[in-house]
Amino acid sequence: MFVVSAYAASDGEVTNTETGVAHDAGHEATFPPFDSATFPSQILWLVITFGLFYLFLKRVALPRISDILENRSDRIAQDLDQAASMKQEADEAIAAYEQELAEGRAKAGQIAQEARDAAKQEADAERRQVEAELDSKLAESEAHITSIKENAMKEVGTIAEDTATSIVENLIGGKPTKAEVSGAIKAVRG
């Protein structure tokens, strides 16, 4: 808008060409939106502008906004469904893991028990073998001791007879018979 200050003078009235409203010298100018003479045109333009704005919102802006909101709600629903399925898969995986872990522990316990049983059987077999070897060695040792004892006893009898014969010879001066010495030693042994 061009602002031109052109005044026309006629009969003492000053006309301002800028607003196109004539001013009286004694009347103050009012702000045009508050001027009651312009209310009908202002209301008309308000209704037209409001109607156009309403149509713009109804046909352009609101459908776009509703599409955006619908897309977002669909995406959120898909994300929630996907999250629920992933949670279910994770729960299933955890359950399978725990079941495999329990089976593994049971199998490990079974293997450990089998190993303990096998080790016990092996130890028992080795113990029996060692006991058998010790029993045979003990029997051999007892037989050897018995033979040594019998040999020693035979020799003791011979030594006792020789000793008794030499004692009798030294004390009495005569030589006793072998049967007499053997009988005396047997009587003493008991």
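Which exposed residues are carried by the face of α2 turned away from its buried side? In this predicted model, that face of α2 carries Ala 179, Glu 180 and Ala 187, and the legends below set these residues beside the other parts of the chain.

**View 1. The whole chain holds two helices and three strands.** Read from the N terminus on, the elements of this predicted model follow one another in the order β-β-β-α-α. The chain has 190 residues, of which 5% count as buried. About 16,600 Å² of the chain is exposed, and carbon and sulfur atoms supply 61% of that area. Among the contacts in the chain with a separation of 6 or more, 17% are accounted for by residues that stand 24 or more positions apart.

**View 2. Helix α2 spans residues 178-189 and has a buried side and a side that faces away from it.** For the 12 residues of helix α2, a rise of 1.5 Å a residue gives an expected span of 16 Å, and the end C-alpha atoms of the helix are 17 Å apart, which agrees with that expectation. The buried residues of α2 are Val 181, Ser 182 and Ile 185. Because these buried residues cover an arc of only 100° around the axis, they lie on the same side of α2. The buried residues of α2 pack against α1, whereas the face turned away from the buried side carries the exposed residues Ala 179, Glu 180 and Ala 187.

**View 3. Thr 165 is a residue of helix α1 that is in contact with Pro 176 and Val 181.** The relative accessible area of Thr 165 is 17%, and Thr 165 is therefore buried, since buried means under 20%. The contacts of Thr 165 with Pro 176 and Val 181 are those that remain when its neighbours within four places in sequence are left aside. Val 181 is itself one of the buried residues of α2, and the buried residues of that helix pack against α1. Also in this view is Lys 175, which lies in the loop between α1 and α2 and which, at 66% relative accessibility, counts as exposed. Lys 175 and Thr 165 are 10 residues apart along the chain, and their C-alpha atoms are separated by 7.0 Å.

**View 4. Asp 124, Arg 127 and Glu 131 are joined into one network by salt bridges that share partners.** The structure holds three salt bridges, and this view shows those that involve Arg 127. In the salt bridge between Arg 127 and Asp 124, the closest N and O atoms are 3.8 Å apart. Arg 127 and Asp 124 are three residues apart in helix α1, so about one helical turn separates them. The side chains of Glu 131 and Arg 127 also meet in a salt bridge, with a distance of 3.1 Å from N to O. Because Glu 131 and Arg 127 are four residues apart in helix α1, they too are separated by about one helical turn. Arg 127 is partly exposed, with a relative accessible area of 42%, while Asp 124 counts as partly exposed at 24% relative accessibility and Glu 131 counts as partly exposed at 36%.

**View 5. Lys 87 forms a salt bridge with Asp 91 within helix α1.** The closest N and O atoms of this pair are 3.1 Å apart. Both residues lie in helix α1, where they are four residues apart, about one turn of the helix. Is Lys 87 buried or exposed? At 52% relative accessibility, Lys 87 counts as exposed, because that value is over 50%. Asp 91, at 39% relative accessibility, counts as partly exposed.

**View 6. A nonpolar patch on the surface is formed by Leu 44, Trp 45, Ile 48, Phe 50, Leu 52, Tyr 54 and Leu 55.** Together, the residues of this patch have about 770 Å² of accessible area. One of them, Tyr 54, has its place in helix α1, the helix made of residues 39-172. Tyr 54 counts as partly exposed, with a relative accessibility of 47%.

Technical notes. Residues are numbered from 1 along each chain as its sequence is written. This is a predicted model: local features need pLDDT of at least 70, side-chain atom pairs count only at pLDDT 80 or more; totals for chains, interfaces and linings use all residues. Side-chain values use heavy atoms; hydrogens and water are left out. Patches are made of residues with over 30% relative accessible area and no salt bridge: like charges are joined within 9 Å, nonpolar side chains (Val, Leu, Ile, Met, Phe, Trp, Tyr) within 5 Å. Accessible areas come from the Shrake-Rupley method with a 1.4 Å probe; for residues, only the protein chains shown count as cover. A salt bridge is a side-chain nitrogen of Lys or Arg within 4 Å of a carboxyl oxygen of Asp or Glu. Buried means under 20% relative accessible area, exposed over 50%, partly exposed in between (1.4 Å probe, protein chains only). Contact means heavy atoms within 4.5 Å. The expected span of a helix is 1.5 Å times one less than its number of residues. The arc is that of the directions from the helix axis to the C-beta atoms.
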